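Student: Before we rely on any labels for this model, could we go through the reasoning behind them?
Tutor: Yes, let us take the ligand site and then the aromatic rings.

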Amino acid sequence: MYSIQKVADMLGIPGVTLRAWEARHRIVDPLRSAGGHRLYSEADVATLRWVKRRMEDQGMKIGEIAQQLRQDRPLRTDGSEAEAAPLPFLPPPASPRQSRIDLHIADRLYPALIAFNTEESHQAIDLALSLYGYEKTFHELLAPLLVRIGTDWEAGKIAVAQEHFASQLILQRFMQIFRSLPVDPSMPSAVAFCPPGEHHHLGLLLFSLFLRKRGIDVIYLGPHTPYEGLGQLIELKDVRAAAISVTDPLHIESLSVWLSQTIDRYPGLRVLLGGIGFGPRNAKRTQWERVSYEDSIDWEAWCLAVFTPRQ
Ligand code: B12
């Protein structure tokens, strides 16, 4: 979350203008802190950035943009941004977060990523964030796009450099949002990682985002994490839960060894295992009560049971 001053500095839009756009045009509707100060989300910032670009690049007035945002009809660019693909249809304001992600955004983002076009890629993501908010954008646009990129890479349709560029750009955006979500200091923390050798971490990231949204401080170690030092981290940060993702069942063996030592040593630790590596054919289910599998639990209920505020 960002203060009005921070947003003004980031976007080069004076605070007084931001307040006027909100009061007169309802361009964004930021949350308020307990003290009544405006708190802008990443999606609010993306909307404002998008509006500013329209004003600068197309000479549009704020009233016109606000009106267009409100109209339930298609909005197209005039090509002045050299955009080959048309902008997506803007949803009606009453339920902008409910509508499905417009496929035009994916059609615009994918070629931009494959062409190593950083600016165009960020613009498409900004637009999706402004229209749909971060959850919808991640679950319905970015996660499926990463899957498509991985599939195309494995099929030899795109080069490894294209896969790396696209994955890194999308993962950066994930992390940006992740960091902007506030942490509740009264909540215990969690650690999230994939075992050594495991590089698929999109599922882990989505689950970490789910925890972070609930104010939990997720220490995100990500893919290919060595086991050494994890015990110290659990002690140092008083970690209540470990979220672990495995795609290739090859890694389950070493993980089981680590788990048996760790579960004995840290009786307060709960573990949640997820990923296709634990699928019905591969799973070597463990006997530990404190270890759960994501396919057999309700995430929300698990979260409520595990993360009780510190006394
Ligand atoms: C994207 C992708 C990649 C990307 C990874 C990008 C990244 N940074 O994560 C790149 C291109 C780098 C890659 C590389 C490789 N990949 Co790959 N890849 C994929 C692909 C296309 C999608 C995987 C994905 O991200 N799915 C989306 C996520 C959201 O799904 P998910 O992980 O299942 O997560 C969901 C649940 O399982 C759950 N979940 C997952 N983890 C957790 C954790 C917790 C705690 C919880 C609660 C829930 C949870 O939540 C998610 C939402 O429901 C799949 C094929 C496919 N179409 O599925 C192959 C696939 C996974 N890859 C595969 C392979 C073999 C590889 C490679 C070894 C290369 C190769 N083909 O030779 C390399 C090396 C990776 C390595 N060393 O580990 C195989 C795995 C086979 C296997 N069972 O071992 C697959 C299945 C392709 C195939 N058909 O052969 N890959």
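**Reasoning from values to labels**

Tutor: Keep in mind that the model is predicted; a polar side-chain atom of Ser-245 lies 2.7 Å from a nitrogen atom of the ligand.

Student: Why is this called a polar contact?

Tutor: The cut-off for a pair of N or O atoms is 3.5 Å, and the Ser-245 pair, at 2.7 Å, is within that limit, so it counts as a polar contact. An N or O atom in the side chain of Glu-154 is 2.9 Å from a nitrogen atom of the ligand, while a polar backbone atom of His-201 is 3.0 Å from an oxygen atom of the ligand, so these two pairs also fall within 3.5 Å and qualify.

Student: Which residues come nearest to the ligand?

Tutor: Among the 29 residues around the ligand, these are Glu-154, His-199, His-200, His-201 and Ser-245. Helix H6 (118-154) gives the most to this shell, with six residues.

Student: How do you know that the ligand lies between domain 2 and domain 3?

Tutor: Residues of the shell come from both domain 2 (74-180) and domain 3 (183-306), and therefore the ligand is placed between them.

Student: The structure holds twelve aromatic pairs; what makes Phe-210 and Trp-299 an edge-to-face pair?

Tutor: Their ring centres are 5.4 Å apart, which is within the 6.5 Å limit for a pair, and their planes stand at 70°, which is over 60 degrees, so the pair is edge-to-face. This pair links distant parts of the chain, with Phe-210 in helix H8 and Trp-299 in helix H11, 89 residues apart.

Conventions. Residues numbered from 1 in each chain as written. Predicted model: local features only at pLDDT ≥ 70, side-chain atom pairs only at ≥ 80, totals over all residues. Heavy atoms only, no water. Near = heavy atom within 4 Å. Polar contact = N/O pair within 3.5 Å; in protein donor to acceptor, adjacent residues only side chain to side chain. Helix = DSSP H or I, 4+ residues; strand = E, 2+ residues; numbered from the N terminus. Domains from an automatic or database assignment. Phe/Tyr/Trp six-rings, centres within 6.5 Å; stacked < 30°, edge-to-face > 60°.
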